[in-house]
Amino acid sequence: MTITAYARTVDPADAAASAWEVRPTAAPFRTELRLRGFGPFRAEVDGAPALLPPITSTVLARLVLARGSLVDAEDLYRDSWPEPALTVRREQRVAVHKRIAELRRCFASWRIVDHTAALLTERSARTGYRLLLDDDQVDLHTFASLVFRAGAAQDAVAVDLLVQALRMWTERPLLGLPDKAFVREHLARLTRLRDRACRELAAGCRLLGRTRDALVVFDYLQARHPDDIGLRDLIDQLGALADDRRFS
């Protein structure tokens, strides 16, 4: 969800009462924020890595993967801190807020529409946080968008979108994050999207007589991920393309 889309969902009268926490900044220009999820999860501001402690990086990942949805402070704590907590107490919620403040300081120079920060605080019965980004700021979101767009496109356009998407799969996603449920679930979802893209690329290339294009992409993926047994088995299942190699 982008900040523009979010604004459409909020009544102006409600906005004043909902205690948004938006942070104007003093920067006179717009800088570029990118979130990288292929390989080690990381943030980049103007192309430079944002150096974040591990827990803060996990908090950021949890917000990024929520894609603009509200994440309760208690869920943020449970998903980001190593120690289990059946009951999240006040001091633990304060710890979450400190990490949010750290993220805001990190991105202090980033300006978006209406000069407001994209990391919002919403307070009702409980406090939650919402991070609003455009899809092109997060490589994992761009990958998913390309696959979905290909599903709605036809023929050569669909093939080109799938090639573009699969070329993004340079490393296993979300490396360096703790073994938490939200990480496992998102990795499984991304892997399903990758497998769907491979199948649709194979089918589209057969239809268009562009088997060489699919083979190049599959060879690239296998070279990048030689230990990915699931990927190797999937490409082996698409064996008709391997037979076409001899005649291409």
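**Exercise 1.** In this predicted model, find the bridge partner of E44 in β3, then place that pair within its strands.

*Solution.*
Step 1. The partner of E44 in β3 is P49.
Step 2. Strands β2 and β3 (residues 48-49) are antiparallel and joined by two bridges.
Step 3. Two residues lie between these strands in their hairpin, and one residue there, D46, has a positive phi near 55 degrees.

**Exercise 2.** Which residue of β2 is the bridge partner of R34? Describe the pairing and the hairpin.

*Solution.*
Step 1. R34 has E44 as its bridge partner in β2.
Step 2. The antiparallel strands β1 (residues 33-36) and β2 (residues 42-45) are joined by four bridges.
Step 3. The hairpin of β1 and β2 has five residues between the strands, and G39 takes a positive phi near 85 degrees in this hairpin.

**Exercise 3.** Give the strand order of the open sheet formed by three strands, and explain why β4 and β5 each have one side without a neighbour in the sheet.

*Solution.*
Step 1. The order is β4-β6-β5, with antiparallel pairing.
Step 2. β4 (71-72) and β5 (119-123) are at the edges and have a single partner strand each, so one side of each lacks a neighbour in the sheet.
Step 3. Five bridges pair β5 with β6 (residues 127-131) in the antiparallel sense.
Step 4. Opposite E122 stands G128 in β6.
Step 5. Helix α5 (residues 90-106) packs on the sheet and touches β5 and β6. The direction of α5 makes about 150 degrees with that of β5.

Definitions and conventions
Residues numbered from 1 in each chain as written. Predicted model: local features only at pLDDT ≥ 70, side-chain atom pairs only at ≥ 80, totals over all residues. Heavy atoms only, no water. Pairing = 2+ DSSP bridges. Contact = heavy atoms within 4.5 Å. Axes fitted to C-alpha atoms, helices over the stretch in contact; angles between N-to-C directions.
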